[in-house]
Amino acid sequence: MQIIKLIVNGKEHNVIVEPHETLAHVLREKINLTGTKLGCEQASCGACTVFVDGKVVQSCITPALRVAGSVITTIEGIADQNKLHKLQEKFVEKGAIQCGYCTPGMIMTSLDFLEENPSPTTDEIKEALSGNLCRCTGYVKIIEAVESYVKEENHLHPPLGHHPKHDDTKFKMVGQGRPYIEATKKVQGTADYADDIKIKNALVCKFLRSTHAHAKINNIDVSKAQAVPGVRAVMTGKELPITFGVLPISQDETAMAIEKTRYIGEIVAAVAADTEEIAQYACSLIKVDYTPIRPFFDMQECCEDIGTDEKIHQYGKFNNNIHKKAELRFGDQQEGLAAADHRLKVDFDFQGINHGFTEPHAATAWWDENGLTIITATQVPHYLHRFLAKVMEVPMNRVRVIKPYVGGGFGGKSDPFPHEMIVAHLSRILGQPVKVRFTREEVFLSNHGRHPTKLTIDMGVSNEGIIQALDADVIIDGGAYGSFGVVTTYYNGVLLQAPYKLDNFGFRTRRVYTNKPQCGAMRGHGAVNSRYAVETMIDRFAEKLNMDPCELRFKNFLDENTLTVGQYRVTSNGSTESLKKVMELSEWKNKYKKLPKGHGIGVACGFFISGSALPIHWNEYPQSVVHLKVDLDGRVLVTSGASDIGQGSDTMLAIIVAEVLGLSLDNIFVVAADTTLTPIDLGSYSSRVTFMAGNAAKMAAEKLREQILEAVAKLHQVDKSELHFENEKVFTNDRKVDLTWVEAVENATRKVGALNSTGAYNSPKLGGDFKGAGAGLSPSYSFGAVITEVKVDLESGHVKVIDIWGAHDAGKAINPLAVEGQLEGSWHMGMGQALSEQMKYHNGLLVNSNLVDYKIPTSKDTPPIHTNIIETIDPEGPFGAKECGEGAIHPVIPAIANAVFDAVGVRLTSLPINSEEVLKAMKSMKQFENLKM
């Protein structure tokens, strides 16, 4: 232990430091500068970047003692008092911020690089930023922000970006690209995430995790751990025996393993202690007596009778490890296949992938006179609220869930989690707050990512290129617990019925339990792998028919205002416009089959839901509710349970309310995702927020507008129809009434005080009455297309994506800047699944549970991405808006695979498409050709 002096952002600090402490820990925990983030603790994500004596360092691996006496600059020291640095301004202006967790490190790295190289090329910028991971943006707008800063600093004209024009004739706020309302906080490093919020006197929780994939727990000896000074409690699973799970029909998880453990990494004990080091040491002293049981890792094996071996769960009446089986049939697949002129049956194999969000899971819980409060990184405060009440055995009105800023989710924070239950329980028994933050390895072990999948598609088309039948048989690896798996089981099948017309369509999907970390919902939930299969098979048919793959797709697109074979109601449909747009911009006609060997172009299409028409818990409560309140000062308070996890939903709600009331965003204040202060919203999943919460906000604003209209009209003796709301004013055409917004509010609140209004959204009744009819039903569907261009190294098989052209039918873009960012992030994430990302296991042990070995594409891997928003104006969406956050990922992955075929003539039926597989396929094809000769 030693006292050291640090000059941090111009201020002297004398701090007591232990030999093992890092600079990041000291900055965050002892100097309370939490803008420096911890994403990996191994210098692989860049979120912890700071300056030490003017040079960039990764503070998560820098010993604090080594920098004693140094001058430190963190993100909080970059702005000049309240004036942002010009680069920070560019990040805000260009929309280079989504969740914001990587933003401080990204800005620090950029500033250091630009000090050394003030006039870099785009490639040099990409190279410089390649040590900083961003999972949200696809780096496009980050690179654009740096480029724009460089141009202005060098007195050059900044490059012209693609910015959709605002339609001044119709809307004043909607359709105009604007930064997130919290963007300034995020570039300053003052936005508080779950682990940044310090609750007084909090204890630290750490976990002991199983070293066995499948084993009986005979005994857990905690005596040595309990004797460690500073340990306040040691807890085992028997203290929290009540099961939970996000779906009411699949509550199969307890907070910790009780009688047996089901995967390597499952929590078997928890320690609450005064410090993290004490808690970790105590965990190492806990002794668990296991009796190993036969583990199950193979999907196919889990579908079969397991004989005398023990099942993973006792769930199900058959002697196998099948969790859920879903099967639906429409028309006659066998008849359609038999009648088809061309038929193909292909097997596919997909590895599981992880969300890779930059913020690790973190939570702090405490109990007081109001019951339990928990601050946690979650996408679903409402569902967590429900299950905390259930597991803690308290009424819901004794639980409060607060979602702070969240550093990305993509579905990976859309379950109630064991660690949230554990810290809530520990806090209750100890009478002190208890906090937890995962290591990056624990994030991977928690998983809930995309299911590994084996599927077979049997498909037939006519000589004219019309799809005659499609039959799918799918097995998905759910891991040890249920999560969203029942929904995923259906989605792998039902979401195949668009964007193409199908009269004969059917599927069987089986989700199996295995002794691996559980899988759940991930961006494009349930439809990504099956979409890859169908889109690559369509290209196979195009090859057989000697037909352009785009033309084959045009022949089969669903019309707008139609019903699919499975009774999905399609309203607006931008499939044709999307495909035409990317064909035009990519010069498809001039490139397809015309590029040199090793150079190819590929296409694919997709669609997705705009929120599920059926809530997870079946009741008549609205799926989204928004409250508005305006008081004497004229500021409109928007309260919503919707969870902004970086997609910009808080800003979207503010824009919609401002549009209806004729206000600027300066007059809007959003409070979201606090289950005591805000009404229910079901959360950020299934791309539901813009459509559902947006409609609720629009209704609430219209009601508030009506209240003010009636009051002003009555007071000034004019007809309501003569009044207009615009530019912070309420006025008549003849200006007989000409009030500022605050004056109008004062008119309306006389004698009644504050005005309140509520808006709510519930999906209309949709779909058929057969079992499984509710799966995939949505009030609206998005559509899109992607064309990619690739180069394949003929010697190594390495695939490089050199261009992505994407178009997505988002209905009406409420905030085009945010929509572009969502699309670019989706396409970039899809590129990762296509080329490099996979969860690798050895006998149930995850061997790449870090951000070095789990290969997320960096800025250096990012090609130019050409983004196009197709506006079809949905009849039921708020101002015509619908989904944009998930559906775009579906077509990019098969588009890359189809481009690889165009480049080197090989078809890949497994993901990721790595160099070894490409090279092996190329050699196999060459041998086959030599054999034929």
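Okay, let's start with helix α21, residues 741-749, which lies across β24, β25 and β30 and runs at about 95° to β24. Quick housekeeping: this is a predicted model, where local features need pLDDT of at least 70 and side-chain atom pairs count only at pLDDT 80 or more, while totals for chains, interfaces and linings use all residues. Residues are numbered from 1 along each chain as its sequence is written, and side-chain values use heavy atoms, with hydrogens and water left out.

On terms, helices (H or I, at least four residues) and strands (E, at least two) are DSSP runs numbered from the N terminus. Axes are lines fitted to C-alpha atoms, for helices over the stretch in contact, and angles go from 0 to 180 degrees between N-to-C directions.

So, the sheet. We have an open one with 4 strands in the order β26-β25-β24-β30, with mixed pairing; two strands pair if DSSP finds at least two bridges between them. At the edges sit β26 (668-672) and β30 (755-761), each pairing on one side only. From one strand to the next, the twist averages 20°. Helix α20, residues 689-716, also packs here, touching β24, β25 and β30 (contact being heavy atoms within 4.5 Å), and its direction makes about 145° with that of β30.

How do β24 and β25 pair? Strand β24 (624-630) and strand β25 (636-640) are antiparallel, over 5 bridges. Lysine 629 stands opposite leucine 637 in β25.

Now, cavities. A cavity here is a set of points on a 1 Å grid, over the protein atoms alone, where a 1.4 Å probe fits but cannot get out; lining residues have an atom within 4 Å of a point. Points are joined across faces, edges and corners, and volume is the space filled by probe spheres set on them. Searching the whole structure turns up 9 cavities of 30 Å³ or more.

The largest has a volume of about 600 Å³. It is lined by 42 residues, with Gln647, Ser687, Gln822, Gly885 and Glu886 the closest to its centre. Our helix α20 comes back here: α19 (649-661), α20 and α22 (816-835) each supply at least two residues of that lining.

The second largest is about 140 Å³. Its lining has 16 residues, and Arg209, Glu253, Tyr263, Ile267 and Pro418 lie nearest the centre.

Last stop, aspartate 221, in strand β7 (215-221). Leaving out residues up to four places away in sequence, aspartate 221 touches Leu285, Ile286 and Lys287. The C-alpha atoms of aspartate 221 and lysine 287 are 5.1 Å apart, with their positions 66 residues apart along the chain.

How values were computed: On a 1 Å grid over the protein atoms alone, a cavity is a set of points where a 1.4 Å probe fits but cannot get out, and a pocket is an open set with protein on both sides within 12 Å along at least five of seven lines; lining residues have an atom within 4 Å of a point.
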